[in-house]
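Please look over the model shown below before reading on. The report that follows takes up strand pairing, then two aspartates, and then the protein as a whole.

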Amino acid sequence: MVSFPSSLLALLLLVKLFSNSGEDQKTRNGILLKDVTLIDGNGGPAQLHMDILIQGDSIAAIGKRLNAKNVTILNLAGKTVMPALINTHAHIGALKGTSTVPANYTRNNVLRQLKKYQDYGLGAVLSMGSDRPFIFETGLLDSAKNGRLPGARMFSAGYGFGVPKGAPPIELAMDQVYRPSSAAQVAVEMDSLAALNPEMVKMWVDDFGGRFEKMDSTIYKTVISEAHKHKLRAIAHAFYMKDAKQLLDNGIDIFGHSLRETVINDELVSLMKQKNVVYIPTLSLYAFNVIFAGNPDFITDEFFKTACEPGVYEMVTSEKYRSDVKNAAAYKGNLEGFENALKNLKKIYNAGILVSLGTDSGATPIRAQGFAEHLELELMVKAGLTPSQVIQIATINSAKVLRIDKQYGTLAKGKKADLIVLDANPLDDIKNTRKINAVYKSGKQVSSGPVSKN
């Protein structure tokens, strides 16, 4: 073995230090994105020929013709930069291939899905009431939420509240859900949930098209009141207008899905506005229920195909699947519910009610994680909203729902540099959000999008 004198080792270390100092200085001083079309997430028009200076994990400056010394300069003329998307209703971990079962929920599968969301431009995702103990016990959730693990930041509603032998269907890996048979059980269960510091409390009030018994009103009233005692917000999965009215009267904070039994009346819209509720439409969920009866325009798109779990693309494009969807007893009702959901979103948004992005992706195999979020944007435009309004919903509105809007949701000086670089402007065509060139998390490029550029 060859040995070196200590003086020579010291000299070698100094040479290495000075040879790397220039590159280290460039890294410390940041990245300058030059000449971009900027969509800042606030709902205004695009700003042309803008520069964005990123230092560390945050945005140091935004303006025209910025200058900075010793930075990495990226000329992005022709590119559009917007904030990373934020999903306030998804399910993480249990989906793998064509199955959604408890055995799929592993550390590796959770991290794999967070990486997929990130590749599709998601900066943060809220897992809605279907998580499992180990993410809390091992610190995985805390690390993912704070950006210490690869992939989108993960937030959680812990374990939701459902109905014994009812919704949510236990076969969809919902075996950790609280299922009180009486209101008296709720307080102890809520204490247990609150100890996990969830973002909110999920309830399944719906009967899933008559398949199950609905949650008793005395139970959901108690869930709401006990949640509020712990300063937690309550979010409901509901369908019927009568249930929506009762939930509002009992203090519900968020509707986690579209109200779609019928076109919503002005009285209920007014009450929602008065109660300051949040509305998460999950339009893509209802689209996925019916769209594979035909040939949707995205069916051969690599952006969609890449999002599908192994075996899912083959399943949904098979003649048997198409026939089964179209001939299902629920097809007509699903189609009507989808149309009602589109109309209700427009009425609710026009009333000034806060709307955020949510998709329910990951709950079943056909709700493709990553793609569902971009389809949701397209469907909100189909409902009558402008691309600018839709991007605001998917960025700053969603950040407000997760209470992270001081750091995320818009691109501004001092905010975290979570952003997407696009090859085309989505204000011209909302589908341009799918033309992902790069994804940045905390000031570093972490993805070039889900589809290979080769």
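How many bridges join strand 6 (residues 85-90) to strand 9, and do these strands run parallel or antiparallel? In this predicted model, strand 6 and strand 9 are joined by 4 bridges and run parallel. Within that pairing, leucine 85 has leucine 122 of strand 9 as its bridge partner. Strand 9 also pairs with strand 10 (residues 153-156), again in the parallel sense and over 4 bridges, and here the bridge partner of serine 127 is serine 156 in strand 10. Strand 9 itself, which spans residues 122-127, is mostly covered, with 6 of its 6 residues buried.

Two aspartates can be set side by side, each with its element and its relative accessibility.

| Residue | Element | Relative accessibility |
|---|---|---|
| Aspartate 35 | strand 1 (residues 31-38) | 27%, partly exposed |
| Aspartate 243 | helix 7 (residues 241-249) | 5%, buried |

Why does aspartate 243 count as buried? Its relative accessibility is 5%, and because buried means under 20% relative accessible area, this helix 7 residue falls into that class. Leaving aside residues up to four places away in sequence, aspartate 243 touches Val205, Lys214 and Tyr220.

Aspartate 35, by contrast, counts as partly exposed because its relative accessibility is 27%, a value that lies in between the limits of under 20% for buried and over 50% for exposed. When residues up to four places away in sequence are not counted, the residues that aspartate 35 touches include His49, Met50 and Asp51, as well as Asn75, Leu76, Ala77 and Gly78. Alanine 77 stands 42 residues from aspartate 35 along the chain, yet their C-alpha atoms are separated by 5.0 Å.

Turning to the whole protein, the model has 15 helices and 18 strands. Its radius of gyration is 24 Å, close to the 22 Å that the globule rule gives for 454 residues, so the protein is as compact as a globular protein of that length. Taken along the principal axes, the box filled by its C-alpha atoms is roughly 80 × 50 × 45 Å. Buried residues make up 56% of the 454 residues, and of the contacts with a separation of 6 or more, 69% are between residues 24 or more positions apart. The accessible surface comes to about 19,200 Å², and carbon and sulfur atoms account for 53% of that area. As for charge, the protein carries 53 positive and 44 negative side chains, and the centres of these two sets lie 5 Å apart.

Conventions. Residues numbered from 1 in each chain as written. Predicted model: local features only at pLDDT ≥ 70, side-chain atom pairs only at ≥ 80, totals over all residues. Heavy atoms only, no water. Helix = DSSP H or I, 4+ residues; strand = E, 2+ residues; numbered from the N terminus. Rg over C-alpha atoms; globule rule 2.2 N^0.38 Å. Buried < 20%, exposed > 50% of the residue type's maximum accessible area, 1.4 Å probe, protein only. Contact = heavy atoms within 4.5 Å. Areas by Shrake-Rupley, 256 points an atom, 1.4 Å probe, with all protein chains shown as cover. Lys, Arg positive; Asp, Glu negative; His and termini not counted. Charge placed at Lys NZ, Arg CZ, Asp CG, Glu CD. Pairing = 2+ DSSP bridges.
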